[in-house]
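Trainee: Pick one part of this protein and give me a close look at it. Start with the whole chain, so I know where I am.

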Amino acid sequence: MVETHLPALSADREAHVQSLLQYPSSTPHLNRFGLSIRDPGGGRGRGVYATAPLAADTLIEVSPVLLFPPAEYAEYGSKTQLDGYTFVWKRTGGRAVMALALGLGSLFNHHPIAPNVKYVLDHATHSISYTTTRAVAEGEELTISYGAGRMWWEPPPSQEVTEREEQEKRQAQDPDHAAMEMGRIGLSDDEDEQEPSSVDKSKRVENGIEVRSAPGPSRPATGPAMHRITAGVDPVTVPLATRDAWIIDIPPTSASSAVKFLQKHPAELQNRDDGLHSTRHLRSFRTSTSVDTNGRKVARTHFLLCLRTAFPDRSRLVSWLRTEGGSVFGESPDPYIGQVPVIAAPTKERLTEWQAVWPCIVRTNAKELVPDNGGNPVLLVDRKGDEKMWHDTQRVQWACNRFKRCVALARHALKEAKDQSPEAKTKAIGSAVHVTHPFDTARHFQSASRAMTWEEREGCDWSQLTGPGAPIVGRLPPCGATTTWDSHKERIISTLGMTEAQWSVFNTTPSASVAVYTSPSPGVGTIEVDALDMRLALRNPLKHAVISAVSRVSTLRGIDRSNSSLAVANGADYLLTGLALFTIYEPCIYCCMALVHSRVSEVYFLLPSPGRGGCCGANLPPSSQCDRANDGGIYAIQEQKGLNHAFTVWRWMHPSLALPHEANAQSADALDDLATELHIGLLDP
Ligand SMILES: C[S@@+](CC[C@H](N)C(=O)[O-])C[C@H]1O[C@@H](n2cnc3c(N)ncnc32)[C@H](O)[C@@H]1O
């Protein structure tokens, strides 16, 4: 109801017409909760009242709507009384279809601070559902939020208030300003960075805010190539959580004294910035207008003192304000409990919904914590940011290449075993792993030989293990390093299980004909490590591909460390610290725990491991489950509470292993076919 126009006054001003238009003090209405329509005076007109206590989350009303085409509304409706009752139902091509709620829907009055009813527009059934947001006492008025800001019946703010708000905004932008330290008048650092969201035909509208359903990861035909597997909550759907705070009304002229008061008493008011208890995202003031008993409009300034937790006892707060507040809060301070959002609005689109509770900022930091139903902190996940990241074709190619490499390695192992003997064939497992640097590091690698740029190398056909343009297997030596690997040969050969022929490829020195890429960090070689599942071949149940990869990287990094000029301090070279691991299968729980210990940074997998994987976690919210929990493991070890390391997990979502624009995309490996071809039976992946 925010988006309306100024109401036109009726032209019929004759006394007898006016008397006919007067509303009675109550109007009967039959509904199962006994809600009554009353006008208790005070200038707000009729409202809806509870005649019995109502529990929180009670669906109290479903109102059908009457719709008006944009042209009809502009021509007629907007010039009538309807204007105070109609609201934007749907925008289309810059115009708006307007709606009038029938039933009780049009009679809920607006509450600027803490409405006790929320509503959802249902475009499919042309109706609006109204639900209580908290327990409501008998006799209480049921109110909704028409939105933030000045309402059409409210007078414009005085120049003084406008100037004060402007000043407060300017001070908030000044990082040195003491008010910032109070954690009150914060301003979003990225408030204006949001891009307009694309229009989704299936979106719902809650409290006037359009809510997009979270994209599910069940291999959509379109959409980003990679989906992050996490229990993090999407800011688009995260519920608005509120907490109690002490509010006090002050004369507009006392605003700056009130801010000074906050600054003077940080300890008592506990306006600290510590995660879930922060008030830094909240603004100090909100203004509203009411009508006094003489029918005069009175502007009010509501001032946020502190969270209720700082002063659980009102009488103690009142006596403290009386002694410390001086003239700011008067002789008889009258603080009252209001609601404030627990966190900043998580997207610009949801700001109106948040502001309806209390003015605040937008903060799109995906690491912001939100409490779950049990009050435990939960992370937000920036799905929009993820989507943007995987629109980068080079990044997708980088990931696709490494998956192709894993598949090629697994096929190579199966073929070699088949060629070797029927017995060897039964012991080969089609599961391979590749470890390398994350894309954001790898794309800065330089070619030592200048034979091929990094981009050219990434453009090679990685589905081939050998042949021209094939990526080099194993570890690439550091740029300009004079060390030959011969001194470490035995150790490397035994750890990596290499043949002499493989060693000669691994031990290649940079030359004009070989593409070698090195990390920009001096003295540190690029890591490109492969590993196969060798459990059956070696008769060793511990030789999972992931475990072998961790061991191989450890050996190579250990050699760096053994040479003082290559030593890397502070744990940055500890096992898989800062590295990305690609695997055909979602790793099992054993491998996931090894990955936690190895401090891996990113894990990418192609195929889920039903019932045995350690990442897909059927306990995750539906938006994060793989194929709606019909596949994938039952744990999410990558973000398991109580462990001392977390890593990101990404699943390839395209149905085949190819870039959409690739010429041979049609003939690319379909993931379903790969699952059949590389099936590893009952083994844990
Ligand atoms: C949707 S109607 C609500 C029902 C209305 N009170 C009636 O008697 O028909 C919206 C109108 O109610 C009045 N109203 C709603 N909330 C109000 C508030 N908080 N303060 C003053 N007037 C309010 C305004 O006149 C507004 O145009």
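Mentor: Let's start from the outside: the protein chain has an accessible surface of about 32,800 Å², and 54% of that belongs to carbon and sulfur atoms (areas are Shrake-Rupley with a 1.4 Å probe, and for residues only the protein chains shown count as cover). Keep in mind that this is a predicted model: local features need pLDDT of at least 70, side-chain atom pairs count only at pLDDT 80 or more, and totals for chains, interfaces and linings use all residues. Residues are numbered from 1 along each chain as its sequence is written, and side-chain values use heavy atoms, with hydrogens and water left out.

There are 18 helices and 26 strands (DSSP runs numbered from the N terminus: H or I of at least four residues for helices, E of at least two for strands). Of the 685 residues, 47% are buried (under 20% relative accessible area, with exposed over 50% and partly exposed in between; 1.4 Å probe, protein chains only).

Now zoom in on strand 20, residues 432-436: five of its five residues are buried, so the rest of the structure largely encloses it. In a regular strand, side chains alternate between the two faces of the sheet. Here A432, H434 and T436 are buried on one side, and V433 and V435 are buried on the other.

As for neighbours, strand 20 runs antiparallel to strand 23 (residues 529-532), with four bridges joining them; pairing takes at least two DSSP bridges between strands. V433 has A531 of strand 23 as its bridge partner. Strand 24 (residues 580-585) also pairs antiparallel with strand 20, over four bridges, and there V435 is matched with L581.
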